[in-house]
Each structure stands twice: as C-alpha cells, then as structure tokens.
Amino acid sequence: MNVDERISADAATNPAHSRQRLQHEYEQLWSEFGASLARLAASYESNPQSREDLLQEIRLAIWMALPRFRGDASLRTFIFRIAHNRALTHVWRRKRSGMAEESEEILDPRSSPEASAINRADQSRLLTAIRLLPIPFRQVLTLALEDLSHAEISAVLGISENNVAVRMNRAKKLIKERLGRR
Amino acid sequence: MTNHDAEIESWRAEWIAQEYAAGTPSDLRRKAVAQQRSLRIRHVLELFSGLILLGFSGVFAWKNPSAETYLWAAIVWLGTLIASAFSVRNWKSLWAANLKCVTEFTDHYRQRCAAELRAARFGLWFLAVQLAITVPWLTLDYLRKELTGRCLAVSLLVLALQTAGFIALFRNMRRRALQELESLREMQCEP
C-alpha cells in the first residue's frame, strides 16, 4: 500500500488520524530526503537566506503534492521532480525580480589563507563548479551525485536516457576543466 | 542501475559531505493551509469583483435600455468573463504542474508566460476599445448638454487616472512575462 492509499484508507475512518499520518509520512520522507534536497537547493542558490527560502518552497510543494502521490513513479523520482520544478521557478522568478545571480569563482585553497578559510567554511570547490554549470547539465550531474540511475534521471527530467548520458559527459568535462583550472 | 562511474563516485563523497540544516517541517501544514487560504481568498475576491461588474452593467442596461447601453454592457460582460476564465485556469493549474517532469513543467511554465503575455496584450487592446467608446460617448453627452463641463472634466480625469493605472499594470505584466520567457530561452540554449 503506497502513501496515498494509506492516507485514503485513514481518511475514510478518521480524518484527524489521516492528517497525523500524513504529517508522520512527511517527517519520515524528510528524514530520508531532507539532506539531498538541501544540497539540491544549494546547487541552485548560493545566498544562504535565499537557499533557505528555496528549501521552504520545496518543502511546501512536496507537502502539498504528497497526497497526490499514486506510486506510478518511485517516491525518489516524485520528490526530485517537484524539487527541481520549484528550484527552476525560483531561478526564473529571481530573474524576473531583477536579482542577478551572484557571480562566483572557484577559489584556489593555496592562493591565500582567507580564500582557504572561505572555502572550508562555506562551500566546496566542487559545489562552486557545479553552480557554474548550465542548468540542464547541473540537473543531470546533481541527480547522479544523489545516486539516481540514468533511468531515474530520465524520469525526473523527462528526457531520454541517451540525452542523460550526453549531458552527463558534457557536465563532467566542464567540471574537470573548471576544477583543473588553477 | 546506479551510476558506477569512477569520477562521479569520487565527487559523490565530497558532494554528500556538504552540510546544511534541513530544518524541521513541524509548521508546514499550517503554512500550506495558510497559503491555500490566501490563494482562495484572492481567487474569490477576483470572482466577486467580476460578479459586481456583471451585476452593475446588467442592472444599468436594464434600467436604461438603449443600443448604447446594451453595447457597453456586452463589452463589460465579455471582458469580465474572459478575465475570470483566465484567472480560474491559472489558479487551477498552479500546483498540479509541480508533479510533471522537468521538461513538461518547463513547457507548462512557458505556456503560462505566453498566456500572461497574451492577457497583457488583450488588456491593452480592451482598454483602447473602452477608451474609443467612452471618450466620444462622454463628449457627445456634453455636446447634447446632458453632462456639465465640470462633470466632463472630472470624468475624463478619472478615466485618465484609471487608464494610466491599467497601462502600468499591463506593461508590468508584459515585462515580467518577457523576462521569464528570456530565462527559459537562455536555459534551453545552454546545452
């Protein structure tokens, strides 16, 4: 019985219990995917406050979508679809409101103690390199880093597995170039 | 099948090591309910203002039967019904779209932007038609001595202020929709 069936069965007998169950399901889901979704938000948003706002939007969207989960796709695919869709909306709206994306450069930890400290305290060079990737490559790579298979990435993004492989190769090439550039 | 790729594996350790506070979702239900409630209130208010316009124009045409008032009421009804249908369609598809895959969601978002652009264009044309009817109508009433000079001046001033407000609104809608479409285009051109 999937999440939705359990919730529907509960709702028939006790609506209050159903709400509690939904909350419980959500908390379980968050403990499983919360860290992944926080990393996903970080790949789209470098500003900590905006990142937290984006994570809140993702949480809310998943909460509202959860009763519609029918089990047609895996829960992981379902969650990542919603998260990426909300993150894209966030990026497009940021552009609409005239907020430019903060420019980033990949810091060389050997260049200065300050740079090294920033690097340690804030973000890894890998994350910075990922943020600099074009969005379609970034999506494929971050999903792969979350250990999704090509088939799952294809289901999340709605592109063919061949296309996933092509994007992955180009993303890896760009990352290697950027990480190698010192 | 997972990604057993040496490079991905080596980056994964670094990727997973990032630490962010995932937070606790305790007040989420309240937020979701509040957000849905505010959307519903906004939606009901939009529909209510549409009903007021429909009612007012209907009663006015009924009390002052003439070709002029029927034409005016018909234009008001048509405009209000189109605006309400647009609002209902936008509202209904707001949350459901999140469940689609990213490519479908992007298409849906593009269609919404295009619809917003069409709505802004329609709004500007509709405003121009209304002005083309209202200004000669008021002037004609003044020439027929059915309206005093002061009434005409006040009416034209109110009309000018309303027009300026609507033009600002539609231009803002258009600007936002174009910016979002540009972001979508940029994203598609990236690979």
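User: How many helices and strands are there in chain A?

Analyst: Keep in mind that this is a predicted model. Reading along the sequence, chain A runs α-α-α-α-α-α-α-α-α. That makes zero strands and nine helices.

User: And how many helices are there in chain B?

Analyst: Chain B reads α-α-α-α-α along its sequence. Strands number zero here, and the helix count is five.

User: What share of the residues is buried in chain A, and what share in chain B?

Analyst: Buried here takes 20 or more other C-beta atoms within 10 Å of a residue's own. Chain B has 191 residues, and 10% of them pass that test. For chain A, with its 182 residues, the share is 37%.

User: Which residues touch the most other members of the largest nonpolar core, and where does that core lie?

Analyst: The core has 56 residues, with Ala41(A), Val140(A) and Leu141(A) touching the most other members. Helix 2 (residues 15-44) of chain A is its top contributor, giving 10 residues. Residues come from both domain 1 (1-99) and domain 2 (111-182) of chain A, so the core lies between those two domains.

User: Leaving out residues up to four places away in sequence, what does Leu141(A) touch?

Analyst: Leu141(A) falls in helix 7 (135-145) of chain A, one of the helices that the buried residues of helix 9 pack against. Two of its partners, Met168(A) and Ala171(A), are buried residues of helix 9. With sequence neighbours up to four places away left out, the full set is Ile130(A), Leu133(A), Met168(A) and Ala171(A).

User: Why do the buried residues of helix 9 of chain A line one face?

Analyst: The buried ones are Val164(A), Arg167(A), Met168(A), Ala171(A) and Ile175(A). Turned away from them is a face with the exposed residues Asn162(A), Asn169(A), Lys173(A), Glu177(A) and Gly180(A). The buried set lines one face because, looking down the helix axis, it falls within an arc of 105 degrees.

User: What span should helix 9 of chain A have, and what is the distance between its end C-alpha atoms?

Analyst: Helix 9 covers residues 161-180, which is 20 residues, and the yardstick is 1.5 Å a residue. The expected span is 28 Å, and the end C-alpha atoms agree with it, sitting apart by 28 Å.

User: How far does helix 3 of chain A reach, and which of its residues are buried?

Analyst: Helix 3 (residues 48-65) has 18 residues, for which 26 Å is expected at 1.5 Å a residue. From first C-alpha to last, its reach is close to that, at 25 Å. Its buried residues are Leu54(A), Leu55(A), Ile58(A), Arg59(A), Ile62(A), Trp63(A) and Met64(A).

User: Which helix gives the most to the side of domain 1 of chain A that touches domain 2 of chain A?

Analyst: The contact joins 12 residues of domain 1 with 12 residues of domain 2. On the domain 1 side, the elements giving two or more residues are helix 2 and helix 4 (75-96) of chain A. That side divides into four nonpolar, six polar and two charged residues. The top contributor, with five residues, is helix 4 of chain A.

User: What is the class make-up of the side of chain B that touches chain A?

Analyst: Between the chains, 35 residues of chain B are in contact with 47 residues of chain A. Helix 1 (6-16), helix 2 (28-63), helix 4 (102-143) and helix 5 (149-189) of chain B each give two or more residues to this side. By class, the chain B side comes to nine charged, nine polar and 17 nonpolar residues.

Note on methods:
Residues numbered from 1 in each chain as written. Chains lettered and ligands numbered in written order. Predicted model: local features only at pLDDT ≥ 70, side-chain atom pairs only at ≥ 80, totals over all residues. Core = buried A, V, L, I, M, F, W, Y, C linked by C-beta atoms within 7 Å. Buried ≥ 20, exposed ≤ 12 C-beta atoms within 10 Å, placed from the backbone. Helix = DSSP H or I, 4+ residues; strand = E, 2+ residues; numbered from the N terminus. Domains from an automatic or database assignment. Contact = placed C-beta atoms within 7 Å. Nonpolar A, V, L, I, M, F, W, Y, C, P; charged D, E, K, R; others polar. Expected span 1.5 Å × (residues − 1). Arc of directions from axis to C-beta.
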